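Dear colleague,

I am handing over a structure to you with this email, and I would be glad if you kept it open while you read. My notes on what was found in it come after the structure itself.

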Amino acid sequence: MSELAIVGGSPLRTRPFPVWPRYLPADAQRLQQVLESRHWGGYPVPSRYCGEFAERFAALHGAKYGLCLANGTIAIVAALQAAGITFGDEVIVPAYTWDGTATAVLFAGGVPVFADVDPDTYCLDAESARKAITPRTKAILPVHLAMRFADMDALSALAQEHGLKLIEDCAHAHGGQYKGQGAGSIGDLGCFSFQESKLMTSGEGGIVLTSDLKYFEHLQSQVNCGRASRTDQFQQRVLGANYRMTELQAALLIGQLDMWPELVAKRSSNAARLSQALGSIQGVRPLPPQPGITRDTIYNYVFQYRPERSTVARDLFVAALDAEGIPSDGRFYEPVYRSDLFYATPENCPQLKTDYSGVRCPVSERAAYEESVWLPQFLLIGDEKDVDDIAAAVEKVMRNFETLECADPSLAGLKAMSRAERPNKERSKNY
């Protein structure tokens, strides 16, 4: 019998990894205060804790203003609307990202145009974005993905050259810095998510950062049913909606900020240790270092599956790693235009003139279906033994590669399943 757990052997690790989310005793005290205040919602804007958190979060990232919202997707919608995106305007987005990046463009009335990603960062490739520009292009929406930043120097220059807005999707980049600038403060606006798996979380929630008062005033009106902003210098009147965050969510986020310094240091140190260990294992490749990162942000640790022989699918490799006790995934994202969660057609999105059946982004497709391996960030907030177990499990699976070659491909199971169907089989997961 093989030693691989997926075919009947004993798993390398049975001890659980650290739990996520984390909370502090002070969180319960704040929640109790909000409960007793009987002021649980987000009105007026900003409410007490929403205002406190937004101010601190903006300062952490070097932005002048921050506004809390209901979730990360709505944050992108509001940012696009503040930037002036209207019906039929094209917005360039990376093909390899969460579907919400593109659907937010649709919700704002725009048309997402997919460009490919860089093979070493999986973030939007500037030259691919350049090729996607048309006379209808109004904005570029890069995503800082997993543990790397988009090339903001090249994208900023491209946006300036063509007079385009630059809006950062920072759902993975809480606290990160690129060349000394905080995530979300480099472009015109930056959008974050506080969904339960994120590096800071309130269960659900989002925030938009900007240093432009006109955008900030527009955002305040946009999320608060069209009411005038507090300063109202630009007297913008918009068709708003209720996108407000509640005080209960914001009370939790204060504690997330308080815990952030310790957790970011652990993730950074443990990620470096893991990269060094994986670098000596044949058939896998850590993502190369990105010199532009001046403060790490690691939402998921991502490495590349590159065996000498393509006889074992990445999905089966990930299933084998998971069976060894290392939570992991391969189809964490798919190219959005191929995703079964992206139901965008000219019938349900009238701004679209054609469908996306002809789109091809080779690097994104390789990452999604052949190469990328995603490890959730809570694997990196424990001790060095946790990291060493991850590396040992990868080494064990690769050492038994021939066993996997002979294994039934159906053992990949959920790892090869549609992302629309998998949640019904994995209801206990929060990532």
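What follows concerns salt bridges, then cis peptide bonds, then backbone angles.

Please keep in mind throughout that this is a predicted model.

Salt bridges

Counting by a distance of within 4 Å between a side-chain nitrogen of Lys or Arg and a carboxyl oxygen of Asp or Glu, the model comes to 30 salt bridges. Three pairs are described here one by one, followed by a network.

The pair D120 and R285 forms a salt bridge in which the closest N and O atoms are 2.9 Å apart. D120 sits in the loop between strand 3 (111-115) and helix 5 (126-132), while R285 belongs to strand 10 (residues 284-286), and the pair thereby links distant parts of the chain, 165 residues apart. As for exposure, D120 has a relative accessible area of 29% and is partly exposed, and R285, with a value of 23%, is partly exposed as well.

A salt bridge also connects R306 with E371, where the closest N and O atoms are 3.0 Å apart. R306 is found in the loop between strand 12 (300-305) and helix 9 (314-323), and E371 in helix 10 (residues 362-371), so this pair ties together parts that are 65 residues apart in sequence. Are the two partners buried or exposed? R306 counts as partly exposed, at 36% relative accessibility, whereas E371 counts as buried because its relative accessibility is 4%, with the limit for buried set at under 20%.

The loop between strand 12 and helix 9 also holds R309, whose partner E405 lies in helix 12 (residues 401-406), 96 residues apart from it. In this salt bridge the closest N and O atoms are 2.9 Å apart. R309 is partly exposed at 37% relative accessibility, and E405 is partly exposed too, with a relative accessible area of 27%.

Beyond these pairs, R13, R15, K385, D386 and D389 are joined into one network by salt bridges that share partners.

Cis peptide bonds

Most peptide bonds are trans, and most residues other than glycine have a negative phi. With that background, which residues does a cis peptide bond join in this model? One such bond joins W20 and P21, with an omega of about 0 degrees, and P21 is placed in the segment before helix 1 (25-37). Another cis peptide bond joins V45 and P46, where omega is about -5 degrees, and P46 is located in the loop between helix 1 and helix 2 (48-61).

Positive phi angles

D232, a residue other than glycine, has a positive phi, near 55 degrees, and its place is in the loop between helix 7 (213-223) and helix 8 (247-278). Q235, which is not a glycine either, has a positive phi of about 50 degrees, and Q235 likewise lies in the loop between helix 7 and helix 8. In exposure, D232 counts as buried because its relative accessibility is 17%, which falls under the 20% limit, whereas Q235 is exposed, its relative accessible area being 57%.

With kind regards

Key. Residues numbered from 1 in each chain as written. Predicted model: local features only at pLDDT ≥ 70, side-chain atom pairs only at ≥ 80, totals over all residues. Heavy atoms only, no water. Helix = DSSP H or I, 4+ residues; strand = E, 2+ residues; numbered from the N terminus. Buried < 20%, exposed > 50% of the residue type's maximum accessible area, 1.4 Å probe, protein only.
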